[in-house]
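Reader: I am new to this structure and would like to understand the reasoning behind the labels attached to its residues. Could we take them one at a time, setting each value beside its cut-off?

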Amino acid sequence: PETVLKNQEMEFGRNRERLQFFKWSSKVFENVSIIPPETGTAHQVNLEYLSRVVFDVKDFLHPDSVVGTDSHTTMVNGLGILGWGVGGIETEAVMLGMPLTLPLPEVVGCELTGTVSPFATSIDIVLSITKHLRQADVAGKFVEFFGSGVSQLSVADRTTIANMCPEYGAILSFFPVDNVTLKHLKHAGFDKAKLEVTEAYLKAVKLFRNDESSSREPEYSQVVQVSLSSIIPYVSGPKRSQDRVAVNNMKSDFQACLNEKSGVKGFQIAAEKQNDIVPVQYEGNEYKLSHGCVVIAAVISCTNNCNPSVMLAAGLLAKKAVEAGLVVKPYIRTSLSPGSGMVTHYLSSSGVLPYLSKLGFEVVGYGCSTCVGNTAPLPEAIRNAIKQGDLIACGVLSGTKNFEGRLCDCVRANYLASPPLVVAYAIAGTVHIDFDTEPLGTGFNGKSIYLRDIWPTRQELHTVEEERVISSMFKELKEKMEKGNKRWNLLEAPESTLFPWDLKSTYIRCPSFFDKLAKEAAPPRAVENAHVLLFLGDSVTTDHISPAGSIARSSAAAKYLTSKGLTPREFNSYGARRGNDAVMTRGTFANIKLLNKFIGKPAPKTIHFPSGQTLDVFEAAELYQKEGIPVIILAGKKYGLGSSRDWAAKGPFLLGVKAVLAESYEKVHRSQLIGIGIAPLQFRPGENPSTLGLTGREQFSILFPPDLLPRMTLDIKTSTGKVFSVIALFENNMEITLYKNGGSLNFVARRFL
């Protein structure tokens, strides 16, 4: 417990100036609320506190929508709220009243039909739908779910599917509001009047989904069909996570593994030894071990934090098992590692922790455990029996890794399974079982208990989740939001309308974006005799451009901070210092893995061509600016991959970069470049620096006509006399307007001049 308190104390200490700035902004700007530290993650607060679904502003109703800089923003689509992630520059402009523009996307309808298998968990469903969408090629499109199967998905399932948009490339995945959503909103704290208005409005404007056959389905650009009936539970193993085994084939598959030659799946056990039984004495009782016996069972939630309902399913199964009189044999090493506080909340508020404990699944901690071999040694008697009989003993866990011999040197078969299946196999004591025809064990009064007798139905799971877990979770978050916390409440912040910049601060500095801002935008100026600051290859990420991690001691940013009297221990990270443009500009292209073709090896260096010196990128850019020489960047395919980091555009802008010339761009980063006033130019198909014979040592001149149009072809002239054409990668007139204004921030600022 003291670790959490120490971390919170350090966070407030290191980030005090930033937090004071945030608190000041919430006082002086209308409609700005600050979520204080220690409240919850962005997407959690978005879903559980900020969501309105329908806005009621002075009796004018309109649908809720959101854009955010968090990659999990798409989760809100599971609640019937249109939302997706954009860059920081676009978000700043939206906050100041500018519309967000994008080409009208195709909308792909994903029809869910059939009935989910009773043994399929939420994770089975989510991963199966994700796989179908990835195969359907929905990149850059909106996805909307419809069909009779949608009602079988809980809001937690829906938000998880919506959250996985990056996995299948869609901009967003939208679940229209239906009766399942309304039931969830009731438990989330919506009062009766609000719910009635929400339902009536959405039905009136045809945004409410229902399962009635008479209701007309929307028209889609294309339709992808997913049958929920085809989704069955799997486990992975016995040696590799990519070897999936349907649970109903587990017994026959394990038998086949015993027969197969030693290899990726086989154990090559002689036929006459496959039915061997080894008796063993443990804690005064005799037990019989055989091939397939389970000796390690670990319920781990590192892969299930986004949808803890599968952990709840394990708890409910344990509850039913205990109530039926089932037990887990004492020699099996059982453990429970919840993975996050959210999972613990699910398990404790639903009252299932004591039942997991009765079956031996005690909480062992929150860090990496059984997956990486962190498990208590097996009892010596059990180890000796396994070795004596040369048995293929098994471990079953709900983690991510099951490399052979990793859990324990005498456990040769390891299976990854969902949390409830881990509990089921622990009770059965073997993986050599057909759950459909064989009982897990004997309960009270000698009655045979099958898995189907204790497996929680989806309806049971949803009821407990909504009525007990969700309601208490929302209540707790609401209290946190309303009360704040002691440190935040006591934090003093300026009262002035204008922020009193502290010239000594190394965290918060008045940025230089508006230093030379004229009231009227000038027409785009030609870029004349520009040098190439960097000559980069393919897949340059935003982390290469603007790292968020620690500040290297030899970097330009470190030299700056040292000159301000800071020690390396006080440097903090680039992410923490993004309120200081002097640090962030020096951190631009400071990634040690940056591969600049001028240098030939990974290093944050470049050549200043007028002098021939090899310098830090910042030092070279600073020299070019003093000499009045513009600079551009040459790059390959997929420039700007990764997180939508606004400093990956702001940093190059402050270094004096006027244009980027690449083979292709990541779409969010392309928008960020325009949003700060850097021209994104693209080589024509089939052309690149190599085919055009460019070395990057030439000087480049680019003329922008006054009547610039979307995707216009421009000519570039080099100092060697070569002329070639490129595409000005503006998608619409709004982007051209922003570029002519020097970016979104300048465009918005001019409205106040």
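Author: Let us begin with Lys251 and Glu438, which form a salt bridge whose closest N and O atoms are 2.8 Å apart, and bear in mind throughout that this is a predicted model.

Reader: Why is the contact between Lys251 and Glu438 called a salt bridge?

Author: The rule asks for a side-chain nitrogen of Lys or Arg within 4 Å of a carboxyl oxygen of Asp or Glu; the N and O atoms of Lys251 and Glu438 come to 2.8 Å, so the pair meets the definition. Lys251 belongs to helix 10 (residues 250-259), while Glu438 is in the loop between helix 15 (419-428) and strand 17 (441-442), so the salt bridge ties together parts that lie 187 residues apart in sequence. By this rule the count comes to 24 salt bridges.

Reader: What makes Lys251 and Glu438 partly exposed?

Author: Buried means under 20% relative accessible area and exposed means over 50%, with partly exposed in between. Lys251 has 31% and Glu438 has 24%, so each value falls in the partly exposed range.

Reader: How do you know that Lys650 and Asp646 form a salt bridge, and are these two residues buried or exposed?

Author: Their closest N and O atoms are 3.0 Å apart, which is within the 4 Å that the rule allows, and both Lys650 and Asp646 are buried. Lys650 also has its charged end over the ring of Trp647, at 5.6 Å from the ring centre, a distance within the 6 Å cut-off for such an arrangement.

Reader: Which salt bridges share partners and so join into one network?

Author: Salt bridges with shared partners link Arg158, Asp178, Arg209 and Asp211 into one network.

Reader: Turning to the rings, why is the pair of Phe21 and Trp24 called tilted?

Author: Ring centres must lie within 6.5 Å to pair, and planes under 30 degrees apart count as stacked, those over 60 as edge-to-face and the rest as tilted. For Phe21 and Trp24 the centres are 5.5 Å apart and the planes stand at 35°, so the pair is tilted. Both residues are in helix 2 (residues 16-28), where being three residues apart separates them by about one helical turn. Phe21, at 23% relative accessibility, counts as partly exposed, whereas Trp24, at 7%, counts as buried.

Reader: What makes the pair of Trp24 and Phe29 edge-to-face?

Author: Their planes make an angle of 80°, which is over the 60 degrees required, and the centres are 6.1 Å apart, within the 6.5 Å limit. Phe29 is partly exposed at 45% relative accessibility. Phe21, Trp24 and Phe29 join Phe499 and Trp501 in one aromatic cluster.

Reader: Finally, how do you know that Thr74 is buried, and which residues is Thr74 in contact with?

Author: Thr74 has a relative accessible area of 5%, and a value under 20% is what buried means, so the label follows from that cut-off. Thr74 is found in the loop between strand 3 (65-68) and strand 4 (82-85). Leaving aside neighbours within four places in sequence, Thr74 is in contact with Gly83, Trp84, Ala162, Asn163, Cys165, Ile171 and Leu172. Of these, Ala162 offers its backbone oxygen, which the side chain of Thr74 reaches at 3.0 Å.

Terms used. Residues are numbered from 1 along each chain as its sequence is written. This is a predicted model: local features need pLDDT of at least 70, side-chain atom pairs count only at pLDDT 80 or more; totals for chains, interfaces and linings use all residues. Side-chain values use heavy atoms; hydrogens and water are left out. Helices (H or I, at least four residues) and strands (E, at least two) are DSSP runs, numbered from the N terminus. Buried means under 20% relative accessible area, exposed over 50%, partly exposed in between (1.4 Å probe, protein chains only). Rings of Phe, Tyr and Trp (its six-membered ring) pair if their centres lie within 6.5 Å; planes under 30 degrees apart count as stacked, over 60 as edge-to-face and the rest as tilted. A charge sits over a ring if NZ of Lys or CZ of Arg is within 6 Å of the ring centre and within 35 degrees of the ring normal. A polar contact is a pair of N or O atoms within 3.5 Å; within protein, one must be able to donate a hydrogen and the other to accept it, and residues adjacent in sequence count only if both atoms are side-chain atoms. Contact means heavy atoms within 4.5 Å.
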